[in-house]
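Student: I'm new to this one. Could you walk me slowly through a single part, a helix and the sheet beside that helix?

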Amino acid sequence: MKIGFALPQFHQQAFEVARVAQFAVEIESRGGASLWVGDRNLAAVHPRIGYGGQGNTIPEELNPAADPFVLLGVAASATHHVALGTHVLVAPLYPPVQLARSLTTIDLVSGGRLLPGFGVGWSPEEYEAAGLDFTRRGARMDELLDALEAIWTENPAAYRGTQLSVPLHHAPLKPARLPRPPLYLGGNSKRALRRVGERADGWLPFCVVPSWLDIDGLNQQRAVIDAAAREAGRDPAAIDSILRVNIDAGTSSDEVSTAIKNVREGTGIDHVMVDTTYSDESVDQALRRASQILDGFQQS
């Protein structure tokens with residue numbers, strides 16, 4: 001079982017970003033498999049759509065948010081073998097050239113350990129702040145994936161679509177892992193799941209322990225992905241899955257470990273990232289929890 005952890009990025013942990021390198025080194029030394037960031041460009045005071053596309057509120061834990069690219073760069077330079085992932089970047093918010101440049105740099109610094117994960121997001125205000133049309137986010141994602149493919153595999157590179165345009169330009173700097181890093185996609189709508197099956201290298205589902213862990217639902221979502229992959233002439237077995245495990249406040253590490261084992265037995269998913277944003281207010285607390293979870297699996 002591969003177990004990774006979210007870097008200190010949100011809530012009270014965001015105020016300890018000076019300890020990101022220490023956190024990364026300690027997770028790697030204790031046997032962690034991966035380190036992760038999320039993405040929150042802003043948390044609107046009066047959101048039209050709430051967290052995860054539900055209601056009209058955003059948890060206060062997401063109000064402080066450190067930059068995901070900087071954090072991954074710090075972690076990349078401080079570690080040697082853990083994978084470095086984004087679960088997820090709201091990718092359509094970023095111009096493709098700048099997104100490719102940032103991710104390429106992180107992949108090179110890390111020696112090819114980047115696992116870029118993208119989603120379309122749920123916040124209209126984030127798109128408004130970027131000067132973009134929220135209703136076109138799915139179409140923009142599709143074109144962004146095409147643009148990244150061109151930038152990462154061609155030199156000179158260019159792309160022209162209805163949502164995005166990248167002029168022909170010199171693109172000699174490529175990621176360490178050729179032809180490009182594996183692309184993971186999140187989302188649980190039917191369209192998002194089909195997009196995973198049609199073109200992603202991996203899927204990024206999520207759960208919340210203990211309040212929302214639906215193993216049957218995860219399997220049903222995976223079935224949509226597999227069907228779309230077969231329709232596209234792809235091998236479903238080649239599409240990886242990495243589960244995000246959010247933790248409710250007050251949840252014990254034993255409960256988290258039990259949930260992870262149940263997911264592995266019920267779905268076959270063997271790589272998870274544990275996010276302590278809602279459960280642990282300090283880096284020290286997050287490190288203690290990580291040690292408890294990792295020790296439990298190493299001893300079992």
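Tutor: Let's start with helix α7, which lies across β10 (202-204) and β12 and runs at about 145° to β10. Here "lies across" rests on contact, meaning heavy atoms within 4.5 Å, and the angle is taken between N-to-C directions, from 0 to 180 degrees, of axes fitted to C-alpha atoms, for helices over the stretch in contact. This is a predicted model, where local features need pLDDT of at least 70 and side-chain atom pairs count only at pLDDT 80 or more, while totals for chains, interfaces and linings use all residues. Residues are numbered from 1 along each chain as its sequence is written, and side-chain values use heavy atoms, with hydrogens and water left out.

Helices (H or I, at least four residues) and strands (E, at least two) are DSSP runs, numbered from the N terminus. Helix α7 spans residues 215-231, and Gly-217 sits in that helix. Gly-217 is buried at 12% relative accessibility, where buried means under 20% relative accessible area with a 1.4 Å probe, protein chains only. From Gly-217 to Ser-102, the C-alpha to C-alpha distance is 34 Å, with their positions 115 residues apart in sequence.

Now the sheet: β10 and β12 belong to an open sheet of 5 strands, ordered β4-β6-β9-β10-β12 with parallel pairing. At its edges are β4 (89-90) and β12 (240-241), each pairing on one side only. Two strands pair if DSSP finds at least two bridges between them; β6 (residues 117-119) and β9 (residues 184-186) have 2 bridges, in the parallel sense. Within that pair, Gly-117 faces Tyr-184 of β9.

Note on methods
Buried means under 20% relative accessible area, exposed over 50%, partly exposed in between (1.4 Å probe, protein chains only).
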